[in-house]
Amino acid sequence: MTERLLIKALSGGKNTKIITLNGKKITKMPSALGKLPGLKTLALQNNLIPKVCPELCNLTQLTTLNLGNNLLEEVPEEMKYLVSLKNLHLSGNRICRFSPGACDGLQNLILLNLNNNHLTQLPQEVSRLKSLTNMSINYNQLASIPRELCFLENLSELQLNYNQLICIPEEIKFLKKLQKLLLARNNIGVLPKELCDLKKLRILDIAGNIIQIFPSGFQDLKLREFYCEGNPLFLQRPEIAKHQENIWSLQEITSRFVINHLAENNPFLMDAMEWYPEIRSIISQRKTCAICGQYFITVWLECVQFVPPPKDWKISKNLQLVPVQVLVCSYKCFTQRDPNLFGIARV
């Protein structure tokens, strides 16, 4: 069946524009494809192809190439000759690297799909994909986003769900046309303040990370959809302290000292507590900071402000976000965090 389709395609010569050989159990890309220089679309997904044929270099008019769900282990060097290529689908392979020069000729590439592969990093050469608007690298093993990726000035959609990212580079601010950013199920702990510079961002998914605090100005983003369930800040109810003088009372300082040393099972304090029931009464009223986990009795130092998201943001159905007033935090947060930060809390 495959041979008949190829013979028919070859008979068309330069007039053959489309070849579709999906799910044919092909184990080798047909070298005869090199005789079809006018080919525009080549679909070979769901086969058993481990590498591309050298003759692929002849397909300089190809605009769409689909090699999804094959056995490729790299983005091949032959790609650099596909100077007209606009859509490249390589999902569901075993790709763990880019061959040197693979990106060189892809100046017209608009869409790149690398979902479900084994990538642990992206090469610096990815910055050469100047026309790219849609990049999808879900379900890989990326530990970082190369700063070079942030110089793709035409990028409007970036999908990096289910990787191993721990941070976002501050160069993200250069993606001025970015409208959709998906970062769900990674290990991201902090959102850079530069994210707030993305004035065209409309969809943001950071669900399932370890984010606790959002940068100042985050609430001013013009988002239409925002998904953030599964982050640790939303798993606890923040305590709102009463606003009192900025100077701690001697009772507050002493109480915190006692509480912290009791947590270490200090034998001298534990014995002394038996003789001072009034101290036990005071300490029994302690509360825990929702941000740093430290104890307090009467006052917090100002650290973070919780604000409601704009009403026009679409959020996850299982995430209830409600307005909370100014939240002040204990000494650990005061010394380690920017007082101008703000967050969104589930209460």
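Is tyrosine 139 buried, exposed or partly exposed? The exercises below settle this and more.

The model is predicted: local features need pLDDT of at least 70, side-chain atom pairs count only at pLDDT 80 or more, and totals for chains, interfaces and linings use all residues. Residues are numbered from 1 along each chain as its sequence is written, and side-chain values use heavy atoms, without hydrogens or water.

**Exercise 1. Classify tyrosine 139 and asparagine 46.**

Step 1. Fix the classes. Buried means under 20% relative accessible area, exposed means over 50%, and partly exposed lies in between (1.4 Å probe, protein chains only).

Step 2. Apply them. Tyrosine 139 has 42% relative accessibility, so it counts as partly exposed. Asparagine 46 has a relative accessible area of 42% and is partly exposed.

Step 3. Place both residues. Strands are DSSP runs of E with at least two residues, helices are runs of H or I with at least four, and both are numbered from the N terminus. Tyrosine 139 sits in the loop between β6 (134-136) and β7 (157-159). Asparagine 46 sits in the loop between β2 (41-43) and β3 (64-66).

Step 4. Check the backbone. Most residues other than glycine have a negative phi. Tyrosine 139 has a positive phi, near 55°. Asparagine 46 has a positive phi as well, near 60°.

**Exercise 2. Describe the protein as a whole.**

Step 1. Count the elements. The protein has five helices and 16 strands.

Step 2. Take the burial. Of its 347 residues, 46% count as buried.

Step 3. Take the surface. The accessible surface is about 17,800 Å², and carbon and sulfur atoms hold 51% of it. The areas come from the Shrake-Rupley method with a 1.4 Å probe; for residues, only the protein chains shown count as cover.

Step 4. Take the contacts (heavy atoms within 4.5 Å). Among those between residues at least 6 apart in sequence, 39% join residues at least 24 apart.

**Exercise 3. Find the centre of the largest nonpolar core.**

Step 1. Define the set. A nonpolar core holds buried Ala, Val, Leu, Ile, Met, Phe, Trp, Tyr and Cys residues joined through side-chain atoms within 4.5 Å.

Step 2. Rank the members. The largest core has 70 residues, and Leu42, Leu65, Leu67, Met135 and Phe218 touch the most other members.

Step 3. Look around one of them. Leaving out residues up to four places away in sequence, leucine 67 touches residues including Met29, Leu44, Ile49, Val52, Leu72 and His89.

Step 4. Look for another core. A second, separate one has six residues, among them Val258, Ile259, Ile283 and Ile297.

**Exercise 4. Work through three salt bridges.**

Step 1. State the rule. Side chains of opposite charge can pair when their charged atoms come close. Here a salt bridge needs a side-chain nitrogen of Lys or Arg within 4 Å of a carboxyl oxygen of Asp or Glu. The count is six.

Step 2. Take aspartate 104 and arginine 128. Their closest N and O atoms are 2.1 Å apart. Aspartate 104 lies in the loop between β4 (87-89) and β5 (111-113), arginine 128 in the loop between β5 and β6, and the two are 24 residues apart. Aspartate 104 is partly exposed at 34%. Arginine 128 is partly exposed at 34%.

Step 3. Take glutamate 171 and arginine 147. Their N to O distance is 3.4 Å. Glutamate 171 lies in the loop between β7 and β8 (180-182) and arginine 147 in the loop between β6 and β7, so the pair ties together parts 24 residues apart in sequence. Glutamate 171 is buried at 15%, whereas arginine 147 is partly exposed at 42%.

Step 4. Take lysine 193 and glutamate 194. They meet at 3.2 Å, N to O. Lysine 193 is exposed at 58%, but glutamate 194 is buried at 9%.

**Exercise 5. Trace the surroundings of asparagine 163.**

Step 1. Locate the residue. Asparagine 163 is in the loop between β7 and β8. Its relative accessible area is 6%, so asparagine 163 is buried.

Step 2. List its polar contacts. These are N or O pairs within 3.5 Å; within protein, one atom must be able to donate a hydrogen and the other to accept it, and residues adjacent in sequence count only if both atoms are side-chain atoms. The asparagine 163 side chain reaches the backbone nitrogen of asparagine 140 at 3.4 Å. The backbone oxygen of leucine 160 is reached at 3.2 Å.

Step 3. Return to the start. Not counting residues up to four places away in sequence, asparagine 163 touches Tyr139, along with others including Ile137, Leu142 and Arg185.
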